[in-house]
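I opened the notebook to look up the empty spaces in this structure and one helix packing. My entries follow.

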Amino acid sequence: MIRVQHEPFDPAAELAQLAEEARECGAIVSFVGTVRGISDGDAISMLELQYYPGFTEAAIEEIAAAATAGFAVEAIRIIHRHGRLAPGEPIVFVGAAARHRRDAFQAVDYLMDRLKTEAPFWKKESGPAGHRWIEARECDLADRQRWDENDRA
Amino acid sequence: MVRVLFLGRLSETAGVAEMSVDLPSGEMEIEAFRALVTRSNPGLAEMIGGPSVRTVLNQAIVMQDAVVHDGDEVAFLPPVSGG
């Protein structure tokens, strides 16, 4: 299940929904990303995310399908927000349910690495120092490459 | 009429996030279409002509040659920031 929305989400409610979808599973792993208050040493007062309706969801679906194919997961839930967000607000929820914990941990790790580098979002950080557009970071690209040796796609 | 979208920093360079373009003959090669869209904005032309900007036609990435038709949607995507 994938959703891209501006509205805030409740991580606990999303986790409960995922658990409901995967009653037979013995392991559920979830990750919640929040808007950083400091980026490269500069205070951030607002993060603005643009997305491309339709195209962005399709790209996330493709990433989720690769995770489903590569790991023994029964259900995946991805919620991503767009629009103007303040530091501390939840921005992304990624959850995976599997029969065993390692597949669930790995699937979430994989999903986040691909989302951080490939998901079609464009981010603009604003703060006292002005605003800047963000591109995927070197460390995120390195994290993404960890999966290339036996690419699950 | 073709709906044109500029994502991310391209929207600042273009001055708009979205515009409509009329195709006099109803269709146009994508290369000529890029030139048409950017003809009054050299900065935008340089960015869109660069290797890092992807062109998307009706939600699918344009690999090489493509033809834009009346009623289509064209989006220009700078490198993503990721989620």
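**Entry 1: cavity.** I am working from a predicted model. I began with enclosed space and asked how many cavities reach 30 Å³ or more. The count came to one cavity. I noted a volume of about 50 Å³ for the largest cavity. I then listed its lining. From chain A, I found A:Trp122, A:Lys123, A:Trp133, A:Ile134 and A:Glu135. From chain B, I found B:Gly8, B:Arg9, B:Pro78, B:Pro79 and B:Ser81. Strand E9 (121-127) and strand E10 (130-134) of chain A are the elements that give two or more residues to this lining. I sorted the lining of the largest cavity by class: five residues are nonpolar, two are polar and three are charged.

**Entry 2: largest pocket.** Next I turned to open space. The largest pocket holds about 500 Å³. I counted 24 residues in its lining. Which of them are closest to the centre? I wrote down A:Thr34, A:Arg36, A:Lys116, A:Lys123 and B:Gly83. In chain A, strand E2 (27-34), strand E8 (90-98), H3, E9 and H4 each supply at least two lining residues. H3(A) gives the most to the lining of the largest pocket, with five residues. By class, I logged ten nonpolar, four polar and ten charged residues there.

**Entry 3: second pocket.** I moved on to the second largest pocket, with about 220 Å³ of space. Its lining has 15 residues, and the closest to the centre are A:Thr117, A:Glu118, A:Pro120, B:Arg54 and B:Val80. Helix H2 (55-70) and H3 of chain A each supply at least two residues of this lining. I marked H2(A) as giving the most here, with four residues. The lining of the second largest pocket divides into nine nonpolar, one polar and five charged residues.

**Entry 4: H3 against H4.** I had H3(A) in both pocket linings, and I looked up its packing on H4(A). Helix H3 (residues 101-118) and helix H4 (residues 138-145) of chain A pack at about 135°, with their axes 9 Å apart. Parallel, antiparallel, perpendicular or oblique? An angle over 115 but not over 145 degrees falls outside the other classes, so H3(A) is oblique to H4(A). The crossing of H3(A) past H4(A) is left-handed. On the H3(A) side, I listed A:Asp113, A:Arg114, A:Lys116, A:Thr117 and A:Glu118 as contact residues. On the H4(A) side, I listed A:Asp140, A:Leu141, A:Asp143 and A:Arg144. I classed the contact last: one nonpolar, one polar and seven charged residues.

Technical notes
Residues numbered from 1 in each chain as written. Chains lettered and ligands numbered in written order. Predicted model: local features only at pLDDT ≥ 70, side-chain atom pairs only at ≥ 80, totals over all residues. Heavy atoms only, no water. 1 Å grid on protein atoms, 1.4 Å probe; cavity = no way out; pocket = protein on both sides within 12 Å on 5 of 7 lines; lining within 4 Å. Points joined across faces, edges and corners; volume = space filled by probe spheres on them. Nonpolar A, V, L, I, M, F, W, Y, C, P; charged D, E, K, R; others polar. Axes fitted to C-alpha atoms, helices over the stretch in contact; angles between N-to-C directions. Parallel < 35°, antiparallel > 145°, perpendicular 65-115°, else oblique. Left-handed = near helix turned anticlockwise from the far one by under 90°. Contact = heavy atoms within 4.5 Å.
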